[in-house]
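Trainee: Before we start, could you show me the model and let me ask how its descriptions are justified?

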Amino acid sequence: MAFQTIRQEYIHMPVVTRAYTTACIVTSLAVQLDVVSPFQLYFNPILIGKQYQIWRLFTTFLFFGTFGFNFFFNMIFTYRYCRMLEEGSFRGKTADFVMMFLFGGVCMIIFAMFVNLLFLGHAFTIMLVYVWSRRNPLIRMNFFGLLNFQAPYLPWVLLGFSILLGNAVWVDLIGIAVGHMYYFAEDVFPLQSGGWRILKTPNFLKSIFNPHDSDLDYVPLQEDRPGGFDWEQNIHL
């Protein structure tokens, strides 16, 4: 029964969320089973440039560490906020969502060259959280029953929690910085006098990912609140 429920939940996940979370879990599982080593996955510009190990540009975003608290914490947040974005403000705009992934990935790779970061999955999660939080500023949140705050403060609360866990502060700051860059380019600058949309999704992405017109009539019962969670007026973390 439980397996059937999980299977149905997995099938009904939106396509980008399903693909990304699956890739992350499979990658970490492969490391756990010694199929691959983290040394084959981390971001290394020298190996990418000289030995053409291009896969490192992607695997750096897929490995969240071996199974443990940090892994499950990151995966829950990745799944949760990726899905809320895809089913909320990106509903019917999957190509734009993929464009956000590409923008975030490229920006983080550039940052990683200067701050010597090996894995960027956590930073990518923080970017997703940041964009969601800025697009849902009125939602009140509760962090493990200890803190009550408005959604825009969530990335900073996670930054403080990450510091308590002993993680590198640069990872969260890069996620926040890239998230703000995307938010400014998409939600702030185009609305300014003389502004325009900086990030334009290529037509080939739209032809691949965007649904047919008939699918655009679908409206979720509760925008930005996907199934699988017991949502209340306040979101409990």
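Mentor: What follows is a short talk about the chain as a whole and then about its enclosed space. Please keep in mind that this is a predicted model.

Trainee: What makes up the secondary structure of the protein chain?

Mentor: The protein chain has 10 helices and 3 strands, and along the sequence these follow the pattern α-α-α-α-α-α-α-β-β-α-α-α-β.

Trainee: How much of the protein chain is buried, and what does buried mean here?

Mentor: A residue is called buried when its relative accessible area is under 20%, and of the 237 residues in the protein chain, 46% are buried. As for the accessible surface, about 13,100 Å² in total, 65% of it belongs to carbon and sulfur atoms.

Trainee: Why is the enclosed space called a cavity and not a pocket?

Mentor: A cavity is a set of points where a 1.4 Å probe fits but cannot get out, whereas a pocket is an open set. With 30 Å³ or more as the cut-off, the count is 1 cavity, and the largest cavity holds about 90 Å³ of space.

Trainee: Which residues line the largest cavity, and which elements supply them?

Mentor: The lining has 13 residues, of which Phe73, Asn74, His122, Ile126 and Leu158 are the closest to the centre of the cavity. Two or more lining residues come from each of helix H5 (69-87), helix H7 (121-135) and helix H8 (154-164).

Trainee: How is the lining divided by residue kind?

Mentor: The lining of the largest cavity has 7 nonpolar and 6 polar residues, with no charged ones; since only Asp, Glu, Lys and Arg count as charged, none of these four kinds is in the lining.

Note on methods
Residues numbered from 1 in each chain as written. Predicted model: local features only at pLDDT ≥ 70, side-chain atom pairs only at ≥ 80, totals over all residues. Heavy atoms only, no water. 1 Å grid on protein atoms, 1.4 Å probe; cavity = no way out; pocket = protein on both sides within 12 Å on 5 of 7 lines; lining within 4 Å. Points joined across faces, edges and corners; volume = space filled by probe spheres on them. Helix = DSSP H or I, 4+ residues; strand = E, 2+ residues; numbered from the N terminus. Buried < 20%, exposed > 50% of the residue type's maximum accessible area, 1.4 Å probe, protein only. Areas by Shrake-Rupley, 256 points an atom, 1.4 Å probe, with all protein chains shown as cover.
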